[in-house]
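Open your viewer, show the chains as cartoons, and keep the selection tool at hand. We will walk from a single residue outwards, one selection at a time.

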Protein chains: 2
Amino acid sequence: MADERIPLPSVRRFPSYLRILMQRKDAGEKTISATTLAHELGLTAIQVRKDLASTGIEGRPKIGFSIEELIFSITHSLGWDNATEALIIGAGNLGSALAAYGGFSAYGLRIVAIFDKDPQKIGKRIGDLVVQPLESINQYIKSNRVTIAVITVPANQAQATADMLVKCGIRGIWNFAPKNLKVPDDVVMQRTDLAASFAVLSVMLRRKYREETEGEEEESL
Amino acid sequence: MADERIPLPSVRRFPSYLRILMQRKDAGEKTISATTLAHELGLTAIQVRKDLASTGIEGRPKIGFSIEELIFSITHSLGWDNATEALIIGAGNLGSALAAYGGFSAYGLRIVAIFDKDPQKIGKRIGDLVVQPLESINQYIKSNRVTIAVITVPANQAQATADMLVKCGIRGIWNFAPKNLKVPDDVVMQRTDLAASFAVLSVMLRRKYREETEGEEEESL
């Protein structure tokens with residue numbers, strides 16, 4: 001069971017490796033070197049070799065890694081062998097954007113339904129999906145055995161939403177709401193906060209400008 | 001210049017504070033306690049007091065913080081007093097989703113244009129925007145003095161895109177492409193990798209299931 005030992009920073013890079021490997025495979029290539037992967041992803045070759053070794057695959061001198069083998073073992077390490085089905089809760093701007101975003105399927109995530117409690121949103125069509133009423137979610141999860149949910153409701157509804165999802169049997173929650181959520185130990189929570197990322201970008205940019213202005217003032221003294 | 005001292009983890013939480021404060025202000029409230037903010041965001045009250053102190057605002061015993069003052073000082077610390085204009089490069093699924101996502105405006109980010117090099121995408125309407133040809137971007141940036149760009153192109157085009165943006169005068173890059181990008185020291189880069197987040201969620205969920213299965217096996221011994 002190699003993946004108990006795979007560090008999470010390596011896990012975070014696996015999807016990027018997969019994407020490159022798929023492209024190369026489609027282009028008819030059979031092998032790839034750590035150096036090429038490193039170059040494509042802006043990593044060091046040492047890091048690439050470590051990451052790939054954690055999946056149990058070894059490269060061969062002068063030949064490199066088998067693309068086929070790497071795709072198989074990374075996909076397996078991620079548990080992406082079978083497409084995972086997930087729900088979205090919250091059909092606001094972000095929920096709708098994520099539901100319409102086709103890119104998830106590239107890494108084995110299939111959004112199969114979207115729910116909202118707002119009567120004005122229920123019935124709305126988003127890509128291939130139609131927004132369903134929140135009251136029907138328990139029934140849906142039980143009938144379809146979905147285990148992952150994406151939360152895109154406002155912050156003040158996020159904890160109640162998570163509690164409800166856990167009661168319905170959801171085991172993995174991807175939380176886009178700007179709030180830390182409490183879940184039982186047997187549920188996995190992953191958080192993505194877009195506003196937080198933009199806040200850091202804004203502040204870093206301000207600091208750069210300030211450094212420059214201060215630099216200029218010093219020069220003019 | 002308080003914000004030179006604000007730690008980035010506090011900066012990441014500022015947008016969440018702002019969102020709560022705006023809601024309370026709209027509801028006609030004048031003050032708020034650190035405990036209430038902590039409860040709403042799943043943080044400790046000590047953390048909240050530290051974060052807010054970094055903006056230079058102090059709460060008063062039994063009264064709490066002035067909502068108006070906090071909104072002003074957090075907005076100012078983030079440099080969100082004036083709406084920041086940004087471009088999106090790459091009108092694929094993610095770029096289109098982000099362009100259509102209305103939620104950015106809540107934190108002072110206004111997407112003013114979207115560019116792509118694919119002739120099939122140029123001219124396509126996304127919300128209020130029309131996809132423009134990549135060749136016209138230099139002209140656009142110069143005429144409109146935009147300083148922030150969001151990159152949503154494929155990994156193998158991301159570095160060339162960043163290089164081009166920097167040449168055109170872009171100073172802040174929000175990179176959604178799955179690749180580490182090199183930029184000069186005077187440019188700020190912030191990365192968001194959705195696939196990486198989902199990879200961590202997948203692997204953690206697998207580990208949970210495995211722990212449970214192993215637990216059951218032990219019990220049955």
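Select Ala149(A) and look across to β9(A): the residue standing opposite is Ile173(A). Keep in mind as you look that this is a predicted model.

Next, select residues 148–151 of chain A, which make up strand β8. Four bridges join β8(A) to β9(A), and the two strands run parallel. Another of these partners is easy to pick out: in β9(A), Gly172(A) is the bridge partner of Ile148(A).

Now show the side chains of β8(A). Which way do they point? Ile148(A) and Val150(A) point one way, while Ala149(A) and Ile151(A) point the other way. Are these residues buried or exposed? All four of them, Ile148(A), Ala149(A), Val150(A) and Ile151(A), are buried.

Add β3(A), residues 84–89, to your selection. β3(A) also runs parallel to β8(A), and four bridges join the two. Here Ile148(A) in β8(A) has Ala86(A) standing opposite.

Zoom out to see the whole sheet. Six strands of chain A form an open sheet, with parallel pairing, in the order β7-β4-β3-β8-β9-β10. Click on β7(A), residues 132–133, and then on β10(A): these strands stand at the edges, each with a single partner strand, so one side of each has no neighbour in the sheet.

Time to bring in a helix. Select α7(A) and you will find it lying across β3(A), β8(A) and β9(A), running at about 170° to β8(A). Together, β8(A), α7(A) and β9(A) make a right-handed β-α-β unit.

Now turn on chain B. How many residues does each chain bring to the contact? Chain A gives 60 residues and chain B gives 60 residues. Several elements of chain A each supply at least two residues to the side that touches chain B, including α1 (8–26), α7 (155–168) and α8 (194–220). Colour α8(A) brightly, since that helix is worth a look: the largest share of this side, 16 residues, comes from α8(A). Colour the side of chain A that touches chain B by residue type, and you get 32 nonpolar, 14 polar and 14 charged residues.

Finally, compare the two chains. A turn of 180° and a shift of 0.0 Å along the axis lay chain A on chain B with an RMSD of 0.0 Å. That is the relation of a two-fold axis. To find the axis, select Ala97(A): its C-alpha is the nearest to the axis in chain A, at 2.3 Å. Of the interface residues of chain A, 100% are also interface residues in chain B, so the copies meet through the same surface.

Terms used: Residues are numbered from 1 along each chain as its sequence is written. Chains are lettered from A and ligands numbered from 1 in the order in which they are written. This is a predicted model: local features need pLDDT of at least 70, side-chain atom pairs count only at pLDDT 80 or more; totals for chains, interfaces and linings use all residues. Two residues are in contact if their C-beta atoms, placed from the backbone, lie within 7 Å. Ala, Val, Leu, Ile, Met, Phe, Trp, Tyr, Cys and Pro count as nonpolar, Asp, Glu, Lys and Arg as charged, and the others, Gly among them, as polar. Two strands pair if DSSP finds at least two bridges between them. Axes are lines fitted to C-alpha atoms, for helices over the stretch in contact, and angles run from 0 to 180 degrees between N-to-C directions. A residue is buried if 20 or more other C-beta atoms lie within 10 Å of its own, exposed if 12 or fewer, and partly exposed in between; C-beta atoms are placed from the backbone. A crossover is right-handed if, with the strands pointing away from the viewer, the path from the first strand over the helix to the second runs clockwise. Copies are superposed by least squares on the C-alpha atoms of residues with pLDDT of at least 70 in both.
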